[in-house]
Amino acid sequence: MSRLIVVSNRVAKTDGANKGSEGGLAVGVMAAMEKAGGVWFGWSGKVDNRDETAKHEVRGNIEYVTVNMRQSEYNQYYKGYANSVLWPLFHQRPELMQYSDRDLSGYIQVNKKFAEELLKIIAPTDTIWIHDYHLIPLGKILREAGVRNPIGFFLHTPFPSLDLLRTVPGYKNVLEALLHYDLVGFQTEADHLGFCMGVCQGLGGEILKHDRLRYGDRHCTARVYPISVETQALPGVADRGETTQEYQRLYESLGDRKLLIGVDRLDYSKGLVRRFQAYDRLLGHNNEFLRQVVYLQISPTSRGDVQAYGDLAKRIDREAGHIIGTYADFDWMPLRYLNRGFRRKTILAMYRLAHVGLVTPLKDGMNLVAKEYVVAQKPEDPGVLVLSELAGAADELDAAVIVNPYDVDGMAGALAKALQMPLDERVDRWKSMMSVLKKQDIHAWQQSFLGDLLHLTKPQTIDSTA
Ligand code: F6P
């Protein structure tokens, strides 16, 4: 049996119910790792200029291997190229890019550092699965160091069209690096298409049979694997969340009021400003909702030392202040806005309590909050998911109330519709979304990606003339 080595910038070390406010990658990969076991390699989350030795720690069937980052590495790799170039670019915000050659070389340097540590632990029969935009060059670096193991890459974010990709200096290197993987996975057809077009038109490569791409002597397969959630296990986690003190306090504080909930890292891709404006419009145009609804927005601060994130935080504070100042009463707060995370079981129970789940990003790879919100609902009285058509999840969850996150009036109308939706329509929509999520859960995601990777790298399946 081949051992699995997962590599991602962040690793998650807690069990399903107690996980904190990690993003989709950590939650999704953890669920997959819990089942398969293996090694999970990544950044320790610590910045330390003195201690660079890798730490090994075994928990259950997962061996965690983590390394610290030096301050300069953190600045250039994480804060710089990954989150001030690739993140805005991949989320269609090129005007927020802050490119510098220095950050790019720091990004490559950290990928080399990861490769050096990995070379100490990779055995010939291991399967290597690398995740996300932080680590695009890692496969190429490992190949150049002689690693011949199957190496797959999964991108959790969107992948841009060639027109957008061209806005970053050296964009061809991004495409070319990805071609060093045996299998590259994307969240949606649109992301996959962006990559294929990039390889063909940007590099002059070609598309062969069976999703294979060729550029010079490089071949790789690129396919769509929409990430998902633990559909079977999550209702039990939500049950446990209902016994927490935080949940009980929320429940008691609501009385008869309907709850709307949003849970997003404080990130400009999440569409929070327009979402707040839509809620403002809902209250401003529909008196019947005054005092009858509460909107809880949970947004842990994220990447706060990147300027665009600091600017966003100030902007949202203003919008929140406006809503509270305009509509609140001495005994009713229309908005509860929190910059901290909660245990995952508590969040799942809160989803279940909420009449409306708001997931309105301006662009998102998948958005697992959307899927978790659906799975957490009570079958006999489910809430309504209001979902941006620009989240990857909208490709599968088309029975949600789909909105354009740039259309503030449209979103205000969708909120009113969701709050007033009759029970039979809520149940029909929920059942339709659940039928997708039962088939396409996190384990199916992992099995289909790894199954394809192993199949593609079996010696007899390689056909370089195809
Ligand atoms: O793919 C997006 C991602 O890398 C996921 O891990 C998660 O959604 C989020 O970004 C976490 O961000 P950070 O690791 O910068 O806190």
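**Exercise 1. In what order do the strands of the open sheet of 6 strands stand, and is their pairing parallel or antiparallel?**

Solution. The model is a predicted one, in which local features need pLDDT of at least 70, side-chain atom pairs count only at pLDDT 80 or more, and totals for chains, interfaces and linings use all residues. Residue numbers start from 1 along each chain as its sequence is written.

Step 1. The order of this open sheet is S13-S12-S11-S14-S15-S16, and its pairing is parallel. Strands (E, at least two residues) and helices (H or I, at least four residues) are DSSP runs, numbered from the N terminus. Two strands count as paired if DSSP finds at least two bridges between them.

Step 2. At the edges stand strand S13 (335-338) and strand S16 (401-403), each of which pairs on one side only. On average, neighbouring strands are turned by 15° against each other, direction ignored.

Step 3. Within the sheet, 4 bridges link S14 and S15 in the parallel sense. Val356 has Val384 of S15 as its bridge partner.

**Exercise 2. Determine how helix H8 and helix H12 are placed against each other, and how H12 is covered.**

Solution. Two packed helices are described by the angle between their axes and the distance between the axes.

Step 1. The axes of H8 (residues 234-241) and H12 (residues 344-353) come within 7 Å and cross at roughly 95°. Here axes are lines fitted to C-alpha atoms, for helices over the stretch in contact, with angles from 0 to 180 degrees between N-to-C directions. H8 is therefore roughly perpendicular to H12, a class that spans 65 to 115 degrees.

Step 2. On the H8 side, the contact is made by Leu234, Val237, Ala238, Arg240 and Gly241; on the H12 side, the residues include Arg344, Leu348 and Arg352. Contact means that the C-beta atoms of two residues, placed from the backbone, lie within 7 Å.

Step 3. In H12, 10 of the 10 residues are buried, so this helix is largely enclosed by the rest of the structure. A residue is buried if 20 or more other C-beta atoms lie within 10 Å of its own, with C-beta atoms placed from the backbone. Among the elements covering the buried residues of H12 are H8, helix H9 (245-254) and helix H13 (368-376). Strand S11 (258-263) and strand S14 (356-359) also belong to this cover.

**Exercise 3. Describe the open sheet of 10 strands and the surroundings of strand S6.**

Solution.

Step 1. The order is S3-S4-S2-S1-S5-S6-S7-S10-S9-S8, with mixed pairing. Strand S3 (55-59) and strand S8 (206-207) have a single partner strand each, so one side of each is left without a neighbour in the sheet.

Step 2. Strand S2 (residues 38-47) and strand S4 (residues 62-69) run parallel, joined by 7 bridges. Val47 stands opposite Met69 in S4.

Step 3. Strand S5 (residues 127-131) is parallel to S6 and is joined to S6 by 4 bridges. The chain passes from S5 through helix H4 (residues 138-144) to S6 in a right-handed β-α-β crossover; with the strands pointing away from the viewer, the path from the first strand over the helix to the second runs clockwise.

Step 4. S6 also pairs in the parallel sense with strand S7 (residues 183-186), over 3 bridges. The bridge partner of Phe153 in S7 is Val184.

Step 5. Both faces of S6 (residues 151-154) are covered, with Ile151 and Phe153 buried on one side and Gly152 and Phe154 buried on the other.

Conventions:
A residue is buried if 20 or more other C-beta atoms lie within 10 Å of its own, exposed if 12 or fewer, and partly exposed in between; C-beta atoms are placed from the backbone. Angles under 35 degrees count as roughly parallel, over 145 as roughly antiparallel, 65 to 115 as roughly perpendicular and the rest as oblique.
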